[in-house]
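Me: Could you walk me through one part of this model slowly, starting from a single residue and working outwards? I would like the local details joined up into one picture.

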Amino acid sequence: VTDAAGDAAAALDERRSTAADGLDTAASALYDRADDLPGGDTVRNVARATADRLSTGADYVRSHDAKRMMADVESFVKSNPGPALAVAAAFGFLLGRALSRD
């Protein structure tokens, strides 16, 4: 199990730059299209805030290795067990739906 975790961490570290670039690309596209979205200022502000979060996420992924990210997740789960359980349940539901489609 320890070897598998180490291999997973190494694979994640190898792909961090690609993941961060993808987050930055999504943030940039959202920034560029925010003014063209229908729905008024509220929708535009939400789009810009989401783009900011994506950009912040890209910076986080670039500056933290897999071990540090896992430690941060562990700390979050210990500090916020209810929301963490809700996120895990939602993720499990979505994963189950995605895998059960024909």
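What relative accessible area does D72 have, and does D72 count as buried or exposed, or as something in between?

Reply: Happy to. This is a predicted model, in which local features need pLDDT of at least 70 and side-chain atom pairs count only at pLDDT 80 or more, while totals for chains, interfaces and linings use all residues. Residues are numbered from 1 along each chain as its sequence is written, and side-chain values use heavy atoms, with hydrogens and water left out.

D72 has a relative accessible area of 25%, which makes it partly exposed (buried is under 20%, exposed is over 50%, and partly exposed lies in between, with a 1.4 Å probe and protein chains only). Its salt-bridge partner is R68, and the closest N and O atoms of the two are 3.2 Å apart (a salt bridge is a side-chain nitrogen of Lys or Arg within 4 Å of a carboxyl oxygen of Asp or Glu). Both D72 and R68 belong to helix α3, residues 66-79, where a spacing of 4 residues puts them about one turn of the helix apart (helices here are DSSP runs of H or I with at least four residues, numbered from the N terminus). R68 is partly exposed as well, at 43% relative accessible area.

A network of charged residues comes next: D21, D24, D59 and R62 are joined into one by salt bridges that share partners. The structure as a whole holds 7 salt bridges. Within the network, R62 pairs with D21, with 3.0 Å between the closest N and O atoms. Because R62 sits in helix α2 and D21 in helix α1, this pair ties together parts that are 41 residues apart in sequence. R62 is partly exposed, with a relative accessibility of 36%, and D21 is partly exposed too, at 39%. R62 also forms a salt bridge with D24, where the closest N and O atoms are 2.7 Å apart. D24 lies in α1 and R62 in α2, so here the linked parts are 38 residues apart in sequence. D24 has 25% relative accessibility and so counts as partly exposed.

Those links run between two helices that pack against each other. Helix α1 covers residues 2-34 and helix α2 covers residues 41-63; they pack at an angle of about 165 degrees, with their axes 8 Å apart (axes are lines fitted to C-alpha atoms, for helices over the stretch in contact, and angles run from 0 to 180 degrees between N-to-C directions). That angle makes α1 roughly antiparallel to α2 (the word is used for angles over 145 degrees).

R16, also in helix α1, adds side-chain contacts with backbone atoms. A polar atom of the R16 side chain lies 3.2 Å from the backbone oxygen of V61 (a polar contact is a pair of N or O atoms within 3.5 Å; within protein, one must be able to donate a hydrogen and the other to accept it, and residues adjacent in sequence count only if both atoms are side-chain atoms). The R16 side chain also reaches the backbone oxygen of H64, at 2.6 Å.

H64 deserves a stop of its own. This residue is placed in the loop between α2 and α3, and its 16% relative accessibility means that H64 counts as buried. The H64 side chain reaches the backbone oxygen of Y60 at 2.9 Å. The side chains of H64 and S63 are joined by a polar contact of 3.0 Å. With R16 reaching the H64 backbone oxygen and the H64 side chain turning to Y60 and S63, you can trace the contacts of this loop residue one by one.

A few more residues help you find your way around the view. D32 is in helix α1 and counts as exposed, at 58% relative accessibility. From D32 to R48 there are 16 residues in sequence and 9.3 Å in space, C-alpha to C-alpha. A34, another residue of α1, is buried, with a relative accessible area of 0%. A34 and L99 are 65 residues apart in sequence, and 33 Å separates their C-alpha atoms. Lastly, N80 has its place in the loop between α3 and α4, the latter being residues 81-100. N80 counts as partly exposed, at 27% relative accessibility, and its C-alpha atom is 23 Å from that of A58, 22 residues away along the chain.

How values were computed: Angles under 35 degrees count as roughly parallel, over 145 as roughly antiparallel, 65 to 115 as roughly perpendicular and the rest as oblique.
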